[in-house]
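Visitor: I would like to take a close look at a single part of this structure, the place where two neighbouring helices meet. Could you guide me through that part slowly, and then through what surrounds it?

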Amino acid sequence: MKNRLKVLRAERDWTQADLAHALDVSRQTVNAIETGKYDPSLPLAFKIARLFEMAIEDVFEPAPRSDA
Amino acid sequence: MTTSRPDRSVHLASWTGAWLATTAAAVFGPEFIWNSDELLTVLAVLLNVGAGIGMIVAYVRHLEAIDEMMRRIQLEAMAISLGVGIVGGIGYSLLDATNLIAFDAEIGHLVALFGLTYMAAILVGLKRRR
């Protein structure tokens, strides 16, 4: 799953630690989400979207279907 | 900057240390400290089981305190360790039962296998998400 987390964070001039604190997760988790190595749970994805005051689909984009 | 999650790792480490110390006392105490006194040996074993229960509770609380990615890494490591422990343990027991190894299968070897597998799985899980 792709996401715009890094861009949105940079637009607000937040560090990964700032975002981690706001989301109550570790900085490693923020980094893993940004680099696409970890897909957050639905509650965390909603929390991220709410934090940036955006719809969840404006932050996260599903990976293209491999059977398409 | 830290999150608002409480750090339970020190708590867990303390209980693990207590369990290890009481295990050592229950194993070596009867021979080297209290001259095989039965009451003291029973007390040492009860203390060991109590510390073990404390360690399990501390581990559950540790799992509840860490964030979802770290919890997933821990759960994956536990699943891998459990699988390796069961498959490796049964295989090891079969080697002993069929006399294919010259020594007796020891539970300590299985515990060591479990621990090493768990640590390796944690490191691989962290590296995969770095």
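Guide: A helix axis here is a line fitted to C-alpha atoms over the stretch in contact, and the angle between two axes runs from 0 to 180 degrees between their N-to-C directions. In this predicted model, the axes of helix α2 (residues 16-23) of chain A and helix α3 (residues 27-34) of chain A come within 8 Å and cross at roughly 105°. Since angles of 65 to 115 degrees count as roughly perpendicular, α2(A) and α3(A) are therefore roughly perpendicular to each other. On the α2(A) side the contact is made by Q16(A), A17(A), L19(A) and A20(A), while α3(A) brings R27(A), T29(A), V30(A) and N31(A). Sorted by character, the residues of this contact are 4 nonpolar, 3 polar and 1 charged.

These helices also take part in the meeting of the chains, where 13 residues of chain A are in contact with 10 residues of chain B. On the side of chain A that touches chain B, the elements giving two or more residues are α2 and α3 of chain A, and α2(A) gives the most, with 4 residues. That side divides into 6 nonpolar, 4 polar and 3 charged residues.

Turning to the interior, the largest nonpolar core has 15 residues, and those with the most contacts inside it are V30(A), I33(A) and M69(B). Two or more residues of this core come from each of α2 and α3 of chain A and α3 (68-97) of chain B, with α3(B) giving the most, 4 residues. Leaving aside residues up to four places away in sequence, I33(A) touches N3(A), L5(A), Y38(A) and P40(A).

Definitions and conventions:
Residues are numbered from 1 along each chain as its sequence is written. Chains are lettered from A and ligands numbered from 1 in the order in which they are written. This is a predicted model: local features need pLDDT of at least 70, side-chain atom pairs count only at pLDDT 80 or more; totals for chains, interfaces and linings use all residues. Angles under 35 degrees count as roughly parallel, over 145 as roughly antiparallel, 65 to 115 as roughly perpendicular and the rest as oblique. Two residues are in contact if their C-beta atoms, placed from the backbone, lie within 7 Å. Ala, Val, Leu, Ile, Met, Phe, Trp, Tyr, Cys and Pro count as nonpolar, Asp, Glu, Lys and Arg as charged, and the others, Gly among them, as polar. A nonpolar core is a set of buried Ala, Val, Leu, Ile, Met, Phe, Trp, Tyr and Cys residues joined through C-beta atoms within 7 Å. A residue is buried if 20 or more other C-beta atoms lie within 10 Å of its own, exposed if 12 or fewer, and partly exposed in between; C-beta atoms are placed from the backbone.
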